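Subject: Structure handover

Hello,

Here is the structure you are taking over. Please open it first, then read the notes below beside it.

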Amino acid sequence: EVEKIRIKITSLGLTESRITSDETIQQLFVECRLNNFLAEETPLSLPKPTGGQRIHYNYSTVINVDKEDNHAEREYLKSILLKPDLPADSLKFTVVSDPPEDEQDLECEDIGFAYVSLKEIFQKQRDVIEQDIDVFDSQDASAVIGKLTVTVEALHALRSVHEECKND
């Protein structure tokens with residue numbers, strides 16, 4: 001059986017903040033990153049949600065972490081389990097502002113970050129299923145600008161990696 005981490009980005013809602021009032025921020029997409037070697041993004045950017053609404057991406061992706069073909073990813077998962085002080089133990093979700101078609105001189109801009117700790121999934125022995133996680137303002141890490149609903153199914157893969165650590 002190919003071991004994998006399943007990720008689903010379901011929806012995004014914003015709270016009142018500089019993001020909601022910024023006219024230049026109109027379309028949003030979400031990127032998901034595992035450490036520094038893997039990034040996936042929602043194929044669609046959707047119109048910024050207003051007043052308590054949510055935008056729905058319903059985007060799913062799979063990261064394979066089997067020994068044969070995905071050694072780097074697997075070694076990274078091992079390091080998460082073996083090094084308790086490793087800071088980068090999370091999947092990082094980035095909410096990105098996609099400039100409108102007619103404003104091509106504008107850059108894509110990271111407006112917020114959200115995290116799911118893989119280490120915590122293993123410690124709690126529980127996957128994250130359709131959970132609302134806080135999105136923090138990229139300019140002020142203490143300010144929550146919204147909620148991202150995600151699923152991260154990694155427990156099976158982490159258990160397998162953990163077994164392997166014990167056997168090494």
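R54 lies in strand β5, which covers residues 54-64. The model is a predicted one, and R54 is a useful place to begin reading it. R54 is partly exposed, at 32% relative accessible area. Its side chain makes two polar contacts worth finding on screen. One goes to the side chain of S11, at 2.9 Å. In the other, a polar atom of the R54 side chain lies 3.4 Å from the backbone oxygen of K147. G13 is 41 residues away along the chain, yet the C-alpha atoms of R54 and G13 are separated by 4.4 Å. Beyond four places in sequence, R54 is in contact with S11, L12, G13, P49, D132, K147, L148 and T149.

Y57 is found in strand β5 too. Is Y57 buried or exposed? Y57 is buried, with a relative accessible area of 10%. Its side chain reaches the backbone oxygen of L28 at 2.6 Å. Leaving out residues up to four places away in sequence, Y57 touches I9, T10, S11, L12, L28, F29, V30, T42, L44 and L46. R159 is another matter: Y57 and R159 are 102 residues apart in sequence and 29 Å apart in space, C-alpha to C-alpha.

Next, the core. The largest nonpolar core has 44 residues. Which of them touch the most other members? They are F93, L118, L148 and V152. L148 has already come up as a contact of R54. Apart from residues up to four places away in sequence, L148 touches I9, S11, L12, V30, R54, F93, A114, Q131, D132, I133 and V135. F93, in that list, is itself one of the four core residues named above.

Now helix α4, residues 155-167. It has 13 residues and reaches 18 Å from first C-alpha to last. That is close to the 18 Å expected at 1.5 Å a residue. Its buried residues are L155, A157, L158, S160, V161, E164 and C165. What covers them includes β1 (4-14), α2 (71-82), α3 (118-124) and β9 (140-153).

Look closely at S160 in this helix. S160 counts as buried because its relative accessibility is 17%, under the 20% cut-off. The side chains of S160 and E3 are joined by a polar contact of 2.8 Å. Not counting residues up to four places away in sequence, S160 touches E3 and R74.

How many disulfides does the structure hold? Zero. C32 forms none because the closest cysteine sulfur, in C108, is 17 Å from its own, too far for a bond. C108 is in no disulfide either; its nearest cysteine sulfur is that of C32, 17 Å away. The two sit in contrasting surroundings. C32 is buried, at 3% relative accessible area, whereas C108 is partly exposed, at 44%.

Last, confidence. The protein chain averages a pLDDT of 90, and 97% of the residues score at least 70. Among the elements of the chain, strand β8 (residues 128-137) has the highest mean pLDDT, 97. The lowest mean is that of α2, at 88. Where pLDDT is low, predicted coordinates should not be read in detail.

Best wishes

Definitions and conventions: Residues numbered from 1 in each chain as written. Predicted model: local features only at pLDDT ≥ 70, side-chain atom pairs only at ≥ 80, totals over all residues. Heavy atoms only, no water. Core = buried A, V, L, I, M, F, W, Y, C linked by side-chain atoms within 4.5 Å. Buried < 20%, exposed > 50% of the residue type's maximum accessible area, 1.4 Å probe, protein only. Contact = heavy atoms within 4.5 Å. Disulfide = S-S within 2.5 Å. Helix = DSSP H or I, 4+ residues; strand = E, 2+ residues; numbered from the N terminus. Expected span 1.5 Å × (residues − 1). Polar contact = N/O pair within 3.5 Å; in protein donor to acceptor, adjacent residues only side chain to side chain. pLDDT = per-residue confidence, 0-100.
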